[in-house]
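Welcome! Take a moment to look over the sequence and turn the structure around before reading on.

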Amino acid sequence: MPRQTDSSPIAVGVVGLGSLGRRLCQQFVELPRSELVAISDVDPDGLAEVGDSFDVPEAHRYRSFEAFLDSAPMDAVAVATPNGLHYEQTSAVLDRGLHVLCEKPLATDAEEAYELTTRAEASDQTVMVGYQRHFNPAYKRAHDEWADGDRVPRFITGEVTHDWQSYYEKEDDWRMSPELSGGGHLLNVGTHVIDAILWTTGLTPTHVNAYVDFHDDEQVFDRQSSIIIEFAEGAVANVSDTGVVARTREHVHIWDDEGAIYLEGHEWDDRTGYVIDDEGTEHHPYDGYERWLSKGTAFLDAIETGETPPATARDGLKAVLITMAAYESGRRNERVALDELYPFASDVFQ
């Protein structure tokens with residue numbers, strides 16, 4: 001990837017002005033290395049509100065995504081639109097030769113996620129996916145122990161709870177649109193736990209066996225699920241998620257012959273963790289609870305240095321493959337092999 005050698009701020013545009021997009025706008029305004037130069041959204045009221053809040057010129061507030069790409073003077077784009085738009089919009093940004101930060105999931109289709117990853121890895125552009133646990137110190141420690149270390153995980157559990165009940169009652173919410181959402185709670189929220197397990201352990205998944213509680217007859221939108229992931233190294237992961245409870249909690253527990261790291265989260269605060277040694281002693285807490293990067297900072301760092309971003313397109317692809325395999329397993333009510341569902345799976349997890 002090329003280095004960003006120009007001393008002028010990196011010109012960034014943001015498409016999608018929901019809560020995630022607004023947070024990214026805030027970061028790009030506050031960071032001295034970047035300038036928020038354009039915004040795009042289909043909602044005129046949101047455009048006006050965000051544009052006024054962050055002093056974006058009216059000429060650079062676009063309801064048309066195509067006009068946004070064609071007219072705005074940008075170096076990079078952050079895509080924070082509904083899931084079903086990520087593939088098309090990220091592809092269009094890459095076509096323009098711009099750097100891109102795509103919020104999760106990378107796509108709502110395994111083949112499209114694979115295509116995007118292939119393009120990203122063959123290009124000189126920075127392509128980052130919005131999995132913020134990759135720059136959380138607690139998760140980074142687990143990654144250093146297993147994915148980048150010589151320890152071998154044996155048993156993993158992951159769980160995330162969340163209140164999505166109001167969404168299931170609103171047929172006009174984008175989360176209940178097959179074209180815009182592509183899935184339910186697992187794809188939108190549970191994906192964080194799936195990604196975290198894959199990234200921290202570095203294990204090679206081979207099979208998925210899932211029970212999925214679908215909200216709709218077409219089996220697109222899930223309310224909750226329970227998933228078993230089998231790995232070539234002999235480990236097994238049990239992953240559960242639900243959108244029909246009162247509050248948000250998260251945990252990922254990873255065990256091996258030397259003990260465990262427990263990663264915990266309350267609501268949407270930064271995740272923390274502690275270590276359990278082979279004698280059962282808890283080392284709690286350990287250093288480094290505070291996240292040292294925001295998504296915006298990590299993205300700008302990667303653009304400026306040309307280094308690999310903390311969460312890559314391949315990371316996003318891996319999470320999509322497991323998520324879509326879980327949906328397929330739930331629909332079939334049977335254990336599925338990844339390489340039978342996706343001929344390219346062995347290359348992805350090499």
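Here is a short tour of the domains, the contacts between them and a few local details.

This is a predicted model. The domain assignment splits the protein chain into domain 1, residues 10-131, and domain 2, which is made of two pieces, 133-292 and 313-349. Much of this briefing is about where domain 1 and domain 2 touch.

**What the UniProt record says**

- In the unreviewed UniProt entry, residues 11-131 carry the annotation "domain: Gfo/Idh/MocA-like oxidoreductase N-terminal".
- That span, residues 11-131, is 43% helix and 21% strand, and its end C-alpha atoms lie 22 Å apart.
- A further annotation from the unreviewed entry, "domain: GFO/IDH/MocA-like oxidoreductase", covers residues 155-261.
- For residues 155-261 the make-up is 23% helix and 49% strand, with 11 Å between the end C-alpha atoms.

**How the two domains meet**

- Taken over C-alpha atoms, the centres of domain 1 and domain 2 are 25 Å apart.
- How many residues of each domain are in contact? There are 22 from domain 1 and 24 from domain 2.
- The size of an interface is often given as the accessible area lost when the parts come together.
- Here, domain 1 and domain 2 bury about 1900 Å² between them, and 66% of that is on carbon and sulfur atoms.
- Between the two domains, 10 residue pairs are in polar contact, counting pairs with both residues at pLDDT 80 or more.
- Which elements give two or more residues to the side of domain 1 that touches domain 2? They are the helix α5 (110-122) and the strand β6 (127-129).
- Helix α5 provides the largest share of that side, with 7 residues.
- Sorted by class, the side of domain 1 that touches domain 2 holds 13 nonpolar, 5 polar and 4 charged residues.

**A salt bridge to find**

- The rule used here counts 23 salt bridges, and 1 salt bridge is found across the interface of domain 1 and domain 2.
- Glutamate 121 and arginine 314 form a salt bridge through their side chains, with the closest N and O atoms 2.8 Å apart.
- This pair links distant parts of the chain: glutamate 121 sits in helix α5 and arginine 314 in helix α11 (residues 313-332), 193 residues apart.

**Two backbone details**

- Which peptide bond is cis, with omega near -10°? It is the one from lysine 104 to proline 105.
- You can look for proline 105 in the loop between β5 (99-102) and α5.
- Aspartate 55 is not a glycine, yet it has a positive phi of about 55°.
- To find aspartate 55, go to the loop between α2 (44-53) and β3 (61-62).

Technical notes: Residues are numbered from 1 along each chain as its sequence is written. This is a predicted model: local features need pLDDT of at least 70, side-chain atom pairs count only at pLDDT 80 or more; totals for chains, interfaces and linings use all residues. Side-chain values use heavy atoms; hydrogens and water are left out. UniProt positions are given in the numbering used here, feature names are shortened, and annotations may be inferred rather than shown by experiment. Helices (H or I, at least four residues) and strands (E, at least two) are DSSP runs, numbered from the N terminus. Domain bounds come from an automatic or database domain assignment. Contact means heavy atoms within 4.5 Å. Buried area is the accessible area (1.4 Å probe) that two parts lose on being put together, summed over both. A salt bridge is a side-chain nitrogen of Lys or Arg within 4 Å of a carboxyl oxygen of Asp or Glu. A polar contact is a pair of N or O atoms within 3.5 Å; within protein, one must be able to donate a hydrogen and the other to accept it, and residues adjacent in sequence count only if both atoms are side-chain atoms. Ala, Val, Leu, Ile, Met, Phe, Trp, Tyr, Cys and Pro count as nonpolar, Asp, Glu, Lys and Arg as charged, and the others, Gly among them, as polar.
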